[in-house]
Every structure is written in C-alpha cells, then in structure tokens.
Amino acid sequence: MTSETWMPRGEFITHLLESGLGERVHFLEGQYLYSQGEIDYRFYVLVSGKVYVSNIGSNGQESTFNIMGPGSLIGEAAAFTALPRYSAARTLEASELLRFQANKLEEYIQKSSRFAASLIYALSIKQRQAVARLHQAVFESPEQRILILLEQMAETHADRIDAVNPVLRINLTHEQIGNLTNLSRVTVTRALQRLKREGRLQMGTGSIVLKRAARSHDL
C-alpha cells in the first residue's frame with residue numbers, strides 16, 4: 001500500500017476537520033476528485049483515506065506531486081483562481097473528505113473567523129513545502145534531497161527503535177521518490193545504495209531506518 005507523503009498535523013488542521021463547514025463526501029478507491037485541465041470552484045480537506053495528486057506531462061508521462069493523507073488541503077489553488085487545474089487527484093483507497101466551494105469562502109469566514117486562520121495556516125505550510133522542494137532541486141545533492149524527504153515523512157510515519165533512530169514504514173517506488181525530489185529513478189536507486197553503503201540508512205522490506213549520522217543537517 002502506497003505511503004502518504006503529506007499528512008499535516010496541528011491545532012489549525014484539527015479545526016478545519018472539525019469546523020462543521022463544507023459538505024462531507026465519500027469516494028471509492030480510484031475515483032477522481034478532479035481531473036487535470038478542468039475548471040471548477042471545489043476544494044477539499046481529507047478526513048480519512050489517501051489521495052494521489054499527479055500531473056501528466058506533454059510526453060504522456062505521469063509525475064507524482066504528493067500522496068495526501070488525513071488533514072491535507074487539496075485542490076485549493078485552481079478553485080480560488082478559477083484557472084485550469086494543473087494536476088489530477090484520485091483516491092488510492094476509500095476516502096472521506098470535506099468539500100468546500102471557493103465562491104462561498106466569504107460565507108465560511110462569516111460563520112467562523114477561526115476557519116479563515118486555519119485555512120491560511122494550511123495554505124502556508126503547503127507553500128513552505130513547495131519552496132523547500134524548489135530549493136532542494138537547485139542546491140542540494142541527490143542524497144540530501146532523499147534524506148530531507150525521508151525526515152519529513154518520519155514525522156508522521158516513524159516508529160522508533162531507540163531514542164534517535166526512526167524506522168519508516170513506507171511503500172514508495174524509486175520512481176515516486178524521484179518525482180518528489182526531482183530526480184530520475186536511476187539516480188534515486190544509486191543515491192539510496194550510496195546512503196546504505198555509507199551507513200546513513202538501513203533498508204528492509206517496506207521499511208527504512210534513518211541513522212543518526214544520516215540526518216540531513218549533518219551532511
């Protein structure tokens with residue numbers, strides 16, 4: 001089962017989920033929330049399940065943007081701007097979501113000022129993630145990019161074998177890791193092998209142990 005790459009936490013995310021606003025909707029596995037290129041005013045907050053967000057390039061190749069977990073804000077940019085959607089979003093398993101309408105945003109804010117603060121927070125952390133990915137693509141080595149991604153995922157996916165070394169229970173292909181770090185599949189494979197040889201991580205079936213010396217700020 002594919003692992004989530006984005007699963008925000010915090011008081012503001014909890015308030016979005018418990019705001020009582022929006023329409024509660026359910027999607028079966030494989031259903032689309034929206035398709036690439038369409039224009040509409042809908043955006044979502046994921047309550048449970050997983051949503052795969054991707055883009056089909058001009059060459060017909062699909063690229064992974066994110067695998068959204070509970071608490072994720074999805075599809076808001078195109079909804080707010082009324083521009084064609086740059087990506088498509090489909091469920092990877094049966095999912096429950098809150099569906100909002102961008103043209104009713106003022107109504108939501110009038111009903112709950114805290115909703116506005118929570119929405120701004122959710123937008124801010126998504127923007128921060130986008131800027132971080134851009135920085136990594138320009139300035140960081142392949143090994144550094146992969147370690148940063150794994151550290152981010154460790155915040156929500158990790159068990160711990162001791163006080164410092166998180167064990168990630170993840171299921172991502174090398175191609176998906178490449179999409180998320182702007183690397184080719186071959187480069188991801190080589191970088192993971194190098195990190196393993198250098199003792200910066202240990203790899204098992206469906207799990208990765210991040211060693212303390214492997215933390216990205218130590219490289």
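## A walk through the fold

Let's start with two rings: Phe 43 is buried, and Phe 100 is buried as well. Keep in mind as you look around that this is a predicted model. Before we follow those two rings further, here is the overall picture. The protein chain has seven helices and 12 strands. Buried residues make up 44% of its 219 residues. If you take the contacts in the protein chain with a separation of 6 or more, residues 24 or more positions apart account for 73% of them.

Now back to the aromatics. A pair of aromatic rings is described by the distance of the centres and the angle of the planes. The count of aromatic pairs here comes to eight. In one of them, the ring centres of Phe 43 and Phe 100 are 5.3 Å apart with the planes at 20 degrees, and since planes under 30 degrees apart count as stacked, this pair is stacked. Phe 43 belongs to strand E3 (residues 42-48) and Phe 100 to strand E8 (residues 95-101), so the pair ties together parts that are 57 residues apart in sequence. Another pair to look for is Phe 65 with Tyr 86: the centres are 5.9 Å apart and the planes sit at 15 degrees, so these rings are stacked too. This pair also links distant parts of the chain, with Phe 65 in strand E5 and Tyr 86 in the loop between helix H2 (76-81) and strand E7 (88-91), 21 residues apart. Are these two buried or exposed? Phe 65 counts as partly exposed at 27% relative accessibility, while Tyr 86 is exposed, with a relative accessible area of 61%.

Phe 43 and Phe 100 have company, by the way: together with Phe 80, Tyr 108 and Phe 115 they form one aromatic cluster. Elsewhere, a ring meets a charge, as the charged end of Arg 85 sits over the ring of Tyr 34, 4.0 Å from the ring's centre.

Strand E8, the home of Phe 100, deserves a closer look. Six of its seven residues are buried, so E8 is largely enclosed by the rest of the structure. Which strands pair with E8? E1 does so in the antiparallel sense over five bridges, and E3 pairs with E8, again antiparallel, over six bridges. You can find Leu 98 of E8 in both pairings: it is the bridge partner of Arg 24, and Val 45 stands opposite it.

Just before Leu 98 in E8 comes Leu 97, and this residue takes us into the interior. In soluble globular proteins, nonpolar side chains tend to be buried together. Here the largest nonpolar core has 28 residues, and those with the most contacts inside it are Leu 33, Tyr 44, Val 51, Ile 74, Leu 97 and Phe 100. Many elements chip in: helix H1 (11-17), strand E1 (23-27), strand E2 (32-34), E3, E4, strand E6 (73-74), E8 and helix H4 (113-139) each give two or more residues to this core. Leaving aside residues up to four places away in sequence, Leu 97 touches a list of residues including Val 25, Phe 27, Leu 33, Tyr 44, Val 51 and Ile 74. There is also a second, separate core of 21 residues, with Leu 147, Ile 170, Leu 201 and Leu 210 among them.

Next, find the open sheet made of four strands, in the order E2-E7-E4-E5, with antiparallel pairing. E2 and E5 stand at the edges with a single partner strand each, so one side of each is left without a neighbour in the sheet. On average, neighbouring strands of this sheet are turned by 30 degrees against each other, direction ignored.

Inside this sheet, E4 and E7 run antiparallel and are joined by four bridges, with Tyr 52 having Arg 90 of E7 as its bridge partner. E4 (residues 51-56) also pairs with E5 (residues 62-68), antiparallel over six bridges, and here Asn 55 has Ser 63 of E5 as its bridge partner. What lies between E4 and E5? The two strands form a hairpin with five residues between them, and Gly 60 in the turn has a positive phi of about 85 degrees.

Finally, look for helix H6 (residues 174-181), which packs on the sheet and touches E4 and E5; its direction makes about 85 degrees with that of E5. The buried residues of H6 are Gln 176, Ile 177, Gly 178, Leu 180 and Thr 181. After H6 comes Asn 182, which has a positive phi near 60 degrees.

Definitions and conventions: Residues numbered from 1 in each chain as written. Predicted model: local features only at pLDDT ≥ 70, side-chain atom pairs only at ≥ 80, totals over all residues. Heavy atoms only, no water. Pairing = 2+ DSSP bridges. Phe/Tyr/Trp six-rings, centres within 6.5 Å; stacked < 30°, edge-to-face > 60°. Buried < 20%, exposed > 50% of the residue type's maximum accessible area, 1.4 Å probe, protein only. Lys NZ or Arg CZ within 6 Å of the ring centre and 35° of its normal. Core = buried A, V, L, I, M, F, W, Y, C linked by side-chain atoms within 4.5 Å. Contact = heavy atoms within 4.5 Å. Axes fitted to C-alpha atoms, helices over the stretch in contact; angles between N-to-C directions.
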